[in-house]
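Subject: Handing over the structure

Hello,

I am passing on the structure that we talked about, and below it you will find my notes on what turned up in it. Please keep it open while you read, so that you can look up each residue as it is mentioned.

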Amino acid sequence: MRTSRPPCPDAAARLIQRRSNLRPRLGIVLGSGFGPVADAIRDAVPIPYPDIPGFPDASVPGHAGRCIVGTWHGQPVAVLAGRSHYYEGLDWPEVTFGVRVLAAMGVSELLLTNAAGGIRRGSRPGDFMAISDHINLMGANPLRGPTAPGRERFVDMTRAYDPGLLLRLKKASKATRIPVFHGVYAAVQGPSFETPAEIRAFARMGADAVGMSTVPEAIVARQCGLRVAGLSCITNVAAGLAGQGQQVTHAEVLDVARAVAARATRLVEAWIRLAA
Ligand code: HPA
């Protein structure tokens, strides 16, 4: 049970805004595989998470841990390079703090990226999936507890992933000729990967990919009134689907994530360009 007060996103937003005059409308959270996107930002002002009051430090290898404000194709953008996960032992306000900070900064469109295991038949490592909807299998909801001042308690999730932003991902796929399929992302707590029986169950529920992030951020972003898009990089075939003896390893996830980084960057770049 948490006893300390949740961190204040306004104070964090003010600190970031003191370091950069840009006032981005677009926010991006970079998951595994999307890290090098940060290198494409121009006039970048990087602010390490430890400098920002209330920000938990992102501790997983492959997650860098800084907020970057800059421009891309002339558009001001705020990028969270590195995210916190529930499996690290953090509480929900910490896991979703970055999204609340982006909202406090005035960001109105948010692209959440991640690495995921492919459940959809035929999906392969290196594929990309635009998230059309999600299934929250984390066994908890980030809105549990006191409602942030001025926010709704019961948040509608019928169109959690904005149709207009989804269309923009479709156009980005066409413009870059990088195939992107649309599908349902199932979120689990982790950090263990799933059993084959769990994956078979998730497939029957309608999941196309599985991962350990994004859903809490999407829920909080919707509570803050942000339009949300989600983009998964399929880094591995989900447990049990690639035949007996197949294992899922974090090393494989990171290897594939590294291999797709250039394509991931091109996709996100096209998505930004189309936001103009
Ligand atoms: N399961 C859960 N999370 C993941 C996976 C997976 O197979 N791959 C990348 N993140």
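How far is the sulfur of Cys 224 from the closest cysteine sulfur, and in which residue does that sulfur lie? Please bear in mind throughout that this is a predicted model. The closest cysteine sulfur to that of Cys 224 belongs to Cys 8 and is 12 Å away, which is too far for a bond. A disulfide is a covalent bond between the sulfur atoms of two cysteines, and the pair counts here when the two sulfur atoms are within 2.5 Å. Cys 67 has no partner either, because its closest cysteine sulfur, the one in Cys 224, is 15 Å away. In keeping with this, a search of the whole structure finds zero disulfides. Both residues are buried, Cys 67 with a relative accessible area of 0% and Cys 224 with one of 13%.

Cys 67 also leads into the strands, since it sits in β3 opposite Ile 47. β2 and β3 run antiparallel and are joined by five bridges, while on β3 there are also seven bridges to strand β4 (residues 75–81), again in the antiparallel sense. Within that second pairing, Thr 71 has Pro 76 of β4 as its bridge partner. The hairpin of β3 and β4 has two residues between the strands, and in it His 73 takes a positive phi near 55°. β3 is mostly covered, with six of its seven residues buried.

Another set of strands comes later in the chain. Strand β6 (residues 128–136) pairs with strand β7 (residues 180–187) in the parallel sense, over eight bridges, whereas three bridges join β6 to strand β9 (residues 227–237), and those two run antiparallel. A good residue to look up here is Ala 130, which stands opposite His 182 in β7 and also opposite Leu 231 in β9.

Turning to the helices, α1 has as its buried residues Pro 9, Ala 12, Ala 13, Leu 15 and Ile 16. They cover an arc of only 160° around the axis, which means that they lie on the same side of α1. It helps to recall that an α-helix has 3.6 residues a turn, so residues three or four places apart point the same way. As for what covers the buried residues of α1, the list includes β2, β3 and α3 (97–104).

One contact partner of that helix is Val 101, which, leaving aside its neighbours within four places in sequence, is in contact with Pro 9, Ala 12, Ala 13, Ile 16 and Phe 55. Val 101 and Ile 16 appear again in the largest nonpolar core, which has 45 residues, and they are among those with the most contacts inside it, together with Ile 52, Met 105 and Leu 110. Apart from that core lies another, of 34 residues, among them Val 37, Trp 72, Ala 270 and Ile 272. As general background, nonpolar side chains in soluble globular proteins tend to be buried together.

The charged side chains come last, and the structure holds eight salt bridges. In one of them, the side chains of Asp 51 and Arg 19 meet at 3.5 Å, N to O. Because Asp 51 lies in the loop between β2 (42–48) and β3 (66–72) and Arg 19 in helix α1 (residues 9–19), this pair ties together parts that are 32 residues apart in sequence. Both ends are partly exposed, Asp 51 with a relative accessible area of 36% and Arg 19 with one of 41%.

A second pair, Arg 168 and Glu 109, meets at 3.0 Å, N to O. It links distant parts of the chain, with Arg 168 in helix α4 (residues 163–176) and Glu 109 in strand β5 (residues 109–118), 59 residues apart. Arg 168 and Glu 109 are both buried, and they belong to a network of salt bridges that also links Arg 25, Asp 162 and Arg 227.

Where, by contrast, do Arg 258 and Asp 255 lie relative to each other? Their side chains form a salt bridge at 3.2 Å, N to O, and they are three residues apart in helix α7 (residues 250–273), so about one helical turn separates them. Arg 258 counts as exposed, at 59% relative accessibility, while Asp 255 is partly exposed, with a relative accessible area of 47%.

Best wishes

Definitions and conventions:
Residues are numbered from 1 along each chain as its sequence is written. This is a predicted model: local features need pLDDT of at least 70, side-chain atom pairs count only at pLDDT 80 or more; totals for chains, interfaces and linings use all residues. Side-chain values use heavy atoms; hydrogens and water are left out. Buried means under 20% relative accessible area, exposed over 50%, partly exposed in between (1.4 Å probe, protein chains only). A salt bridge is a side-chain nitrogen of Lys or Arg within 4 Å of a carboxyl oxygen of Asp or Glu. Helices (H or I, at least four residues) and strands (E, at least two) are DSSP runs, numbered from the N terminus. Two strands pair if DSSP finds at least two bridges between them. The arc is that of the directions from the helix axis to the C-beta atoms. Contact means heavy atoms within 4.5 Å. A nonpolar core is a set of buried Ala, Val, Leu, Ile, Met, Phe, Trp, Tyr and Cys residues joined through side-chain atoms within 4.5 Å.
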